Structures are given as C-alpha cells and as structure tokens.
Amino acid sequence: MPGRLLQIDTVARLAASLLNVPMATVTVIDDRHEFVVGSHGLPYGWAANGGLPLSSAVSTYAISRNGPASCADMLVEDSAAVRDHPLVERLALRAFATVPLCDETGQPVGALTALHTEPRQWTAKHIRTLIGIAELLRPVTGTDRLGCVVGLDSAALLDSVQEAFLAVDPRGIVVGFNAAAQRLLGHTAVQVCGRHVDDSLLPVYGGQPIGLALSRLFEAAPHRPVVRDLTMRHRDGHRLPVRVSLAVVASAGGSVACAFLTDLSRQEAAERLADRHSRFMGALLDSLSVGVVACDESGRVVLLNRALREVRGWADVRAVPVDYPASINGILRHPDLQTMQWQQTPLMRAFHGERVDAADVVTVVPGHRTRRFATTAQPILDEDGSRLGAVAVAHEVTAVRRAESFRECHRQVEHALRTAASATEAAPEILRAVTGTLGWPCAELFLVDDTTGMLHPSGHHSVTGDPGDGFFAHQPIRGQGVTGRVWQTGQPLWVADIATDLPRPTAYERERIQVCLSRGIHTILAVPVRDGGTLLGVLTCYAGTPEHHEDLLTVLLDGVAAQIGVYVALRRAEQYTRHLSRSQNDFIALVGHEVRTPLAALAGNAGLLAEDASALDPDHQHMIEVIGRSTATLQRIVDTLLDVAGIESGQTSFTVEAVDLVSIVRDAVAAAEATSTLTFSTDLPHHTVVDGDPVRLRQVLDGLLANAVTYTAAGGHVAVSVQTAGDTVQVQVADTGIGIVAAERDRVLDRFFRGENVRHQGIPGNGLGLSLASAVVRRHHGTIRIDDNQPHGVIVRLCFPCRQPRGQDC
C-alpha cells in the first residue's frame, strides 16, 4: 500500500460515491484488531482511535468467508450478533456491504466496506462495483513497482488519474507529471520533467524553498502519506495554494517522492466564505436571548450559543468542550428535578428522529439559580432524507412556570387558612407551600401582637428541619434586620446578598448575618402582611443561591401576604364581633335581672299615684303622667330586648302550625291603614299556606308597617304584595319614606342601630324593631332583605319556605 498512486482515502471516497452511501472504509486486521487505513464519512475522531476490537468490525464477515458479504437491515436479522452489533449504536449503522482485500498469496488481510445508516437493498451490480474498486488496492510486485510506472511508458496510466500527480527524485528533478497537474499548474510535462522542481514550479513550504523539506522526507521515508499545505508557481506567475500528499517509494532507479496535489484556492475561498458565514451566524446566534445547541451526524455537539454557555457559566468561552455530555453531567434535570441522562435530552431525542415540542428542562448549576427552559428540538435532514444532525432551541420560562406554580401556592395557602383555627396553626402549612414553590430552603411568619404591639414569631418552615442554631424563633427588633426594617417601613425589602447589600449593619444585624451565612443563606425577601393601612405582620423568605426576578417574586409573595392579612383581619373582626356580642348579651342579662324588677315597681307605684292624682294640682298630675309614660316605654324596650335575646338564643318557644300568610298580611295592612294618613295598596293571592307561628308572623308584619308609617311623610304610599316562586313565598313591603343610607344598609338589622338620617330628623325609636323581625324570620327558616325603592324609600322583602301538602302547591 505505501507505493500506491491513489490515496487510500480516495479509494474509500470512490466506493462511497459509486455506491451512494454516506460512509466507506478500507481496513486491515491482525489476530485481534481491525485498523482503519482509509475512510470516508466516518464521525469525527473515529479513524484516529487506532486499533478497534474485531467485535466492532463488519469486515470480518467478508474476511472469514474470503468473499463478499452484505446485510440489508441489521435490526431485523435473525442473528442476535448482527442485531446487537456495536456499530448499530455507535454509528447508527443499519446496512453494509463488504469485500475482502487479499495479500500476494491470496489470503484475506482486510476489507473494503460500504456503510449506510438506513436499510439498503444491495444488488449484484453494487457488489461487482465494490470488487472492482478493491482491485485498485491489489498488491504491487516485481516490475509493477512505481519506479517502472513513472517511466515514460507510464504516461497514459498517469494521465488517467484524475488527481494532479508529481514525482521527484532525491535531487529535486521532476520525473513524473501527469495531465491533471498540467491543467492545475499550466505547465506541460515536457516543460517540467527532467528539470529541477525550482526551475519551473518553485514550491514553497513554511515560507522556505522545498529543498530542505524534500531532504527530510527522503531521510524519513514514511510508509504512510504525509500531507502538507504549500504553494507552487503557476505558469502565469501567481502563487497557487495546494495540499500535497507525499509518499516515498522504491523504484528501479532509486527512491522517488510521489505527490498528489489538490487545489486549495477554491477551497480557501470557500473556507473564507464559510468563515465569514460562520462568524455572521455565530454573532447572530449569540445575540439571541434563546439558547441554541446543535450536533452533527455523529451526535457530537458542535454549536452552543452564548445564551446556553451563560447557563453553564461559560459566557466568555466560545469553544464547545470535546466531551460536552460529560461537562454538563448532573446539571440537566426533569421537571421533578430527577437527573436527565444525555440520551434523554431533547437534542438527543431529535438526533434519533423524534420531534420534541416545548419539553421542560431544568438546569441546576452549583452557585447559580435554578432555571427552567421550554425546549423544542428536531432532526436536521439532507435532501435525500439522510440525517445531518439535530438542533434544539431552549426558551427560558422560569418566571412563567414560577407564576404558574404560585397560583397553585395561593390555592394551598387558601386551603391551609380555611382549615385552620388560627394564623399560627396555619403558618407551617403556608410556609411549606411557599418554600416548595420558590425552591427556597426556609421561611418565617411574624405577626403583631394586639396587646403589646410587638412583632412575634408565628411559625416557620425549613426543608432541612430546625437545628436549633437560633435561626428561627428570634425576636425581631424594629428597624433592624430585614424583618425589622419591613416592620418599621411597611415596605417590601429585597436583599440579594446579605454579606454585602445590607447598609451599615448594626451589631444585631451582623449577628443575624453570620447565622444566615452559616446556613448557606445569601438572599432574603421580606414582605409586609397588611389589612389596608394596618401592618399585621411580616413574611420573610430565605434563598441559598442568587435570585433574579425581584419584582416578580415580590409581587407573588405580596399575594400570599395579602391572603394572610385578609385572614388575620377577618379572624380579628370575628373576635371583636364575639366580644361585642358577649357585651350585648351581658347587657341584656343585666337588664333582665337588674332593671326589670325596679321598672315593675316604678310602673306599679306610678299607677297608684295616677289613681289618686285628682287631689293633686295640675303640675303634679302632669309629672305623674310623664313618669307613667316613660316607665311604660322602658318596659316595652326591656320586653322587646329580652324577646329578641330569647328568640335568638332559642329559649323562646314558637307555636308552629299551618297558617294562611295572606290572611295575616291582609289583617295587618287593614289595621295600619285604619290609623294612618298614608295610602296603601296590596297585591295578594287568594291564599298562601306556610308553617309558622301566626302571632309572631303578625308581630313582624305589624312592625314593618309601623316603620313604613313612621318614616314616610303624610301623603306617602305603602305597597304590600305576596308572591310565590317555586318552593318559596315572598312578602314585600315598599314605602316612599326617607330611605336608608346605602353604607348603613347592612347594619340596620343589628340591635340598637339607627340610621344617621333617622337620628338627624329626631324620629323616636330604639333600634330593636328590625332586629326583632330578623330574629323571628330566621326562626321560620326565612330571610329578610332591605333594598332601595326608587326614587326614594325602602323595600323590605321577607322570604319563607312555603308549605306543600301532598297534592297541593303553596
């Protein structure tokens, strides 16, 4: 082989071209290894690996039988050895055809093999072509040696070679020059042969004449071609860049340096153009905010733009690591943070033919924040469908996914608050949801004590537990530390690095900083818990790695703090309501036990005085009348108040029976109309039956009509109606009186409450009438509602469940 006129790689390229396959190899073997001596299309670095185990070869199928061998699809072969062949995975090999190469004795010592990554049907013509190409590599012996070939009688043979050929003896005299060399350099063989190479071609290597390099070449006499780039003088005088494959062979006249020449001028122009394109494309890709990664046909990563290099911390490194998968081992994760193996990445899935659409990939780089990317990937195919590689584009969605997770966090917080008896009880579950959503290690909740006004710890959570190092359960100092500063200002506070970003730390703050740093905490975000303008507490969260998206995280945590604030405010309002109700009940008990008896005595004595008042003068008689009226008024208030309390507590019993509600309404309207100057109208059905206490229902109607008469000026109008809808009956009393202020409408049913417009107009009352009506209606499983009656006045709506005996409607 060292004496071959054709380069071994050229033979492999010829085989690949004529059989239309992506790869071809020329190999030789010993008893344990296969050696690649010529190749075309093999993945980067494959042919440079030295000897390969025979188990990794398919040439052995031809060598073992000393004849051609082929396989159309290795994955469907009956033989497990073929289906599980190492090249199926390493080269994605699917089909091959191979013929043996023999030595001078006819023994097979190697093979010429055509390789394809897709199933391929091999024809007899394919095999004959492969055998014919293998003949180019038959052993040379005797008079076939190159020394004879380069003689004048070999001109026709040299001219048949498509590559430019030049042969030079040790003195530098040109002894061979074919037609392809003439076309390349412009000189004829007559002008060049027999003359020194410097006389016409003047080759220059490394900026120096070729003579010294030729001397070293003949001294070394390499058995494998030596490839060098140099320049030669064209006949028209310009320097022509060429790539020279040199080999020293023995001939009858001595050693000869044989060189095949490849024109690099077009290649250099193409390379310059490709370099410009590459620089332009590199700048374009580096300007993108999305990450781009691509691999070649062997699966080797060949492109990594700046956005993805920054993820790994390689912002200033342009070259892709040789073993890129190893360089990111353990960094890529699935959404559940389980390690993603290299073959599971979107790029490798696309390399194997899959189209990947927006698959989430999480990156966990020590010392950097955790990031999430939506990754799309697809294979890169040639026009004929053969695989050229794959590309993946990664768009960061950390903020979007975090916002989505916070919606779930808000739901969890709501559930924790709804099922807990207090904020302190809910705090651990709330903080667990927050830290889990943020991916931060710990958080604390502090609430302001109503009595002391101090900020006290209400709960905490840590993914590693509480080691008892004083990190939790500390007492904040107003205006000091992150929590204390938020307590003082009422504004959120973000500290990206507590070691450097907390201005002018106090002794207390320096101590807290050391505690945080000892736990690996570097970033803190604290937000106020509010109810309107009132500060109720502080929510403080801690991160172990640098964090971005300050505004987003602040807004999201503000949402959680707002949920807590609303809950705490409602709990406190409920507590105040209970205290108020307890106070009112205590007052009612006081009235019932301490006021009722003296009032009875006053009423009795006032009655006795009134019986003997005829003997008194008019002034004394008037005073006795005032005492009697006032005592009676107090008696009615006490009786009504105790009646309301008894009904609300369930201690007052009702006599429930089937009653005609229409009849009760009709009688109440007639009684009110007889004593009033207002006009009344009714819209009543024939009858409507409900279950209820007729006395109490009449009491409610009398009270509502009395209110309508009291708060409506003379000449006004009152409309009363009864309507049924489904399984309910509604009684409506509408007047044209002074109405109720909208802001006070929700309070008019409270005991003792009287509207502002009523008080200003001096209309007497005690604020118990609607409270009594509401209590009676609720005991009848009904509802009471008060609305505006446009253009003025109010509408009181009572709604009761109607009675539905079998076979009848209410």
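**Helix α18 and the spaces inside the model**

In this predicted model, the buried residues of helix α18 turn out to be G481, V482, T483, G484, R485, V486 and W487. That makes 7 of the 9 residues in the helix, which runs over 481-489, so α18 is mostly covered, with "buried" meaning under 20% relative accessible area. The cover comes from several sides of the fold: the buried residues pack against the strands β20 (442-448), β21 (455-462), β22 (493-495), β23 (523-531) and β24 (534-543), and against helix α19 (507-518). Just past the end of α18, G490 has a positive phi of about 75 degrees.

Some of these α18 residues also face an enclosed space. G481, V482 and T483, along with R512 and I524, lie nearest the centre of the second largest cavity, which has 16 lining residues and holds about 160 Å³. Helix α19 gives the largest share of that lining, with 5 residues, while α18 and β24 each give at least two. By type, the lining splits into 8 nonpolar, 6 polar and 2 charged residues.

In total there are 3 cavities of 30 Å³ or more. The largest has about 310 Å³ of space, and V293, L308, Y324, L332 and V361 sit nearest its centre. Its 21 lining residues comprise 17 nonpolar, 3 polar and 1 charged, and α13 (306-312) supplies the largest share, 3 residues.

Then there is the largest pocket, with about 1200 Å³ of space. Of its 42 lining residues, L91, E297, S298, F351 and R387 are nearest the centre. This lining mixes 21 nonpolar, 12 polar and 9 charged residues. Elements supplying at least two of them include α4 (86-90) and β19 (387-396).

How values were computed: Residues numbered from 1 in each chain as written. Predicted model: local features only at pLDDT ≥ 70, side-chain atom pairs only at ≥ 80, totals over all residues. Heavy atoms only, no water. 1 Å grid on protein atoms, 1.4 Å probe; cavity = no way out; pocket = protein on both sides within 12 Å on 5 of 7 lines; lining within 4 Å. Points joined across faces, edges and corners; volume = space filled by probe spheres on them. Helix = DSSP H or I, 4+ residues; strand = E, 2+ residues; numbered from the N terminus. Nonpolar A, V, L, I, M, F, W, Y, C, P; charged D, E, K, R; others polar. Buried < 20%, exposed > 50% of the residue type's maximum accessible area, 1.4 Å probe, protein only. Contact = heavy atoms within 4.5 Å.
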